[in-house]
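This report goes through one molecular structure for a reader who has not met it before. The sequence and the model come first, and the text follows.

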Protein chains: 2
Amino acid sequence: MMSTPRPRRSDATREAIRLAARERFAANGYERATIRAIAADADIDPAMVMRYFGNKEKLFAAAAEFDLRMPDVSAVPTGRLGVTLAAHFLGRWESDETLNALLRAAVTHPAAAERMREIFASQVATFAATILPDPTQATARAALISTQMLGAALCRFVLELPPVAAMPREELIAWLGGTIQRYLTAARP
Amino acid sequence: MMSTPRPRRSDATREAIRLAARERFAANGYERATIRAIAADADIDPAMVMRYFGNKEKLFAAAAEFDLRMPDVSAVPTGRLGVTLAAHFLGRWESDETLNALLRAAVTHPAAAERMREIFASQVATFAATILPDPTQATARAALISTQMLGAALCRFVLELPPVAAMPREELIAWLGGTIQRYLTAARP
DNA sequence: GTCTATAATTCGATAGAC
DNA sequence: GTCTATCGAATTATAGAC
């Protein structure tokens, strides 16, 4: 039986690198986030980054681990599922820059795009299957919801399209919530 | 009075470079689209690219000129505006890879993001103002429509999220059309 | 564990011959 | 107009001293 390993001192260094990498990937995308800049942010020698993570690919994989933490909606009235989910997604985006890092990297880096697809399949689609009766419909409806939430995040946080970035949070959630509600409950068009 | 200049032979070369650049920017984003690769695609010496366009920034600007060609909807019934616009956007995306180039580049390159904002302001928002009575509402509603269409294109063409990429074109247009229709005509939530 | 030095590429951009 | 040669900078990654 294995006991929990005592935290080594190096774990703090490793975590500092990981956090700095996440910030850089979120701000600059994959290519422009250089190991040198990440090391400088973490106040660590660039060679240490290579020692801890092997190469840039593996560093990104470690920095882009992400859990959407889909909420428990068992107590949410059916009619309020849309706004509940819209608020949850927006909250996750604002509280964890990993999603920004993933999106910025996924657009030019195939491995990051694959990670996005994994997150969709294992977290969004799985969640949708628990609240939608028809499992075949669940995947398509989860995908439609993803198009709207990713598009909103893209316009608000990445492109910073003025009307989207300036829209009050509650108003945006109300609009997006209505769309998600429709994707969840409307009949197939 | 100026007469139309006779096409010089060099114009063909210039256009070949521009088209190759558009393809590379669309496929790889700004950073990974190298001048060397673009020149190789166009079967032209890399030095010629610099001679014709000065630098990479200006080459991108030339390759990313784009017209959404918003349709004339004066004869479209109000209830079908949503699907009409959804079909138009999707068609433009499929017929002109400039939009893909813009999106891929905009996520990591500030100048490309600025171009996206310009296109929204000068083409999408302007169009919305012609079909929506309240001008203050028009900008916000145009922005919401953009979040949905950009998100759909992102998932279908860039991330290639399987359920979105595999969804039949007509079914996708029907779903998106309903959302756009709602953003155009629904009361503020 | 930490850091210096540097290898090996690759890129944008320039100079200049023809 | 076209192309060769190359500069100078930046990058990932490695080797090895301490």
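Which residues surround DNA strand D? In this predicted model, the residues from chain A are A:T34, A:I35, A:R36, A:M50, A:N55 and A:K56, and those from chain B are B:S10, B:D45, B:A47, B:M48, B:R51 and B:Y52. Sugar or phosphate supplies 56% of the atoms of DNA strand D within 4 Å of the protein, and bases supply the rest. By class, the surface near DNA strand D has 5 nonpolar, 3 polar and 4 charged residues.

Three polar contacts to phosphate oxygens of DNA strand D can be described. Two of them involve backbone atoms of chain A: a polar backbone atom of A:I35 is 3.3 Å from a phosphate oxygen, and a backbone N or O atom of A:K56 lies 3.0 Å from a phosphate oxygen. From chain B, an N or O atom in the side chain of B:Y52 is 2.6 Å from a phosphate oxygen of the strand. Two elements give two or more residues to the surface near DNA strand D, namely α2 (35-41) of chain A and α3 (46-53) of chain B. The largest share comes from α3(B), with 4 residues.

Two residues at the ends of α3(B) can be added here. At the N-terminal end, B:D45 acts as a cap, with a side-chain oxygen 2.8 Å from the backbone nitrogen of B:A47. Both B:D45 and B:A47 are also listed among the residues around DNA strand D. Just after the helix, B:G54 has a positive phi of about 85 degrees.

**The other DNA strand**

DNA strand C is surrounded by 13 residues, and the closest are A:S10, A:M48, A:Y52, B:R36 and B:K56. Of the atoms of DNA strand C that come within 4 Å of the protein, 56% are accounted for by sugar and phosphate. The surface near DNA strand C divides by class into 6 nonpolar, 3 polar and 4 charged residues.

Here too, polar contacts reach phosphate oxygens. The side chain of A:Y52 places an N or O atom 2.7 Å from a phosphate oxygen of DNA strand C. For B:K56, a polar side-chain atom lies 2.9 Å from a phosphate oxygen, while for B:I35 a backbone N or O atom lies 3.1 Å from one. The elements that give two or more residues to the surface near this strand are α3 (46-53) of chain A and α2 (35-42) of chain B. The most is given by α3(A), with 4 residues.

**Helix packing**

The table lists three pairs of helices with their crossing angles and axis distances.

| Helix pair | Angle | Axes |
|---|---|---|
| α6 (98-106) of chain A and α7 (110-131) of chain A | roughly 130 degrees | within 7 Å |
| α5 (81-95) of chain B and α10(B) | roughly 125 degrees | within 7 Å |
| α10 (169-185) of chain A and α10 (169-185) of chain B | about 145 degrees | 11 Å apart |

Within chain A, the axes of α6(A) and α7(A) cross at roughly 130 degrees, and the two helices are therefore oblique to each other. The crossing is left-handed. A:L102, A:L103, A:A105 and A:A106 of α6(A) meet A:A112, A:A113, A:R115, A:M116 and A:I119 of α7(A). This contact has 8 nonpolar, no polar and 1 charged residues.

Within chain B, α5(B) and α10(B) cross at roughly 125 degrees, so this pair is oblique as well. The crossing is right-handed. On the α5(B) side, the residues in contact include B:L81, B:V83, B:L85, B:L90 and B:E94, and among those they meet in α10(B) are B:R169, B:L172, B:I173, B:I180 and B:L184. By class, the contact has 12 nonpolar, 4 polar and 2 charged residues.

Between the chains, α10(A) passes α10(B) in a right-handed crossing. Chain A contributes A:A174, A:W175, A:L176, A:G178, A:T179, A:R182 and A:Y183, and chain B contributes B:A174, B:W175, B:L176, B:G178, B:T179, B:R182 and B:Y183. These residues divide into 8 nonpolar, 4 polar and 2 charged. B:A174 and B:L176 are in this contact, and they also take part in the contact of α10(B) with α5(B).

Definitions and conventions
Residues numbered from 1 in each chain as written. Chains lettered and ligands numbered in written order. Predicted model: local features only at pLDDT ≥ 70, side-chain atom pairs only at ≥ 80, totals over all residues. Heavy atoms only, no water. Near = heavy atom within 4 Å. Polar contact = N/O pair within 3.5 Å; in protein donor to acceptor, adjacent residues only side chain to side chain. Nonpolar A, V, L, I, M, F, W, Y, C, P; charged D, E, K, R; others polar. Axes fitted to C-alpha atoms, helices over the stretch in contact; angles between N-to-C directions. Parallel < 35°, antiparallel > 145°, perpendicular 65-115°, else oblique. Left-handed = near helix turned anticlockwise from the far one by under 90°. Contact = heavy atoms within 4.5 Å.
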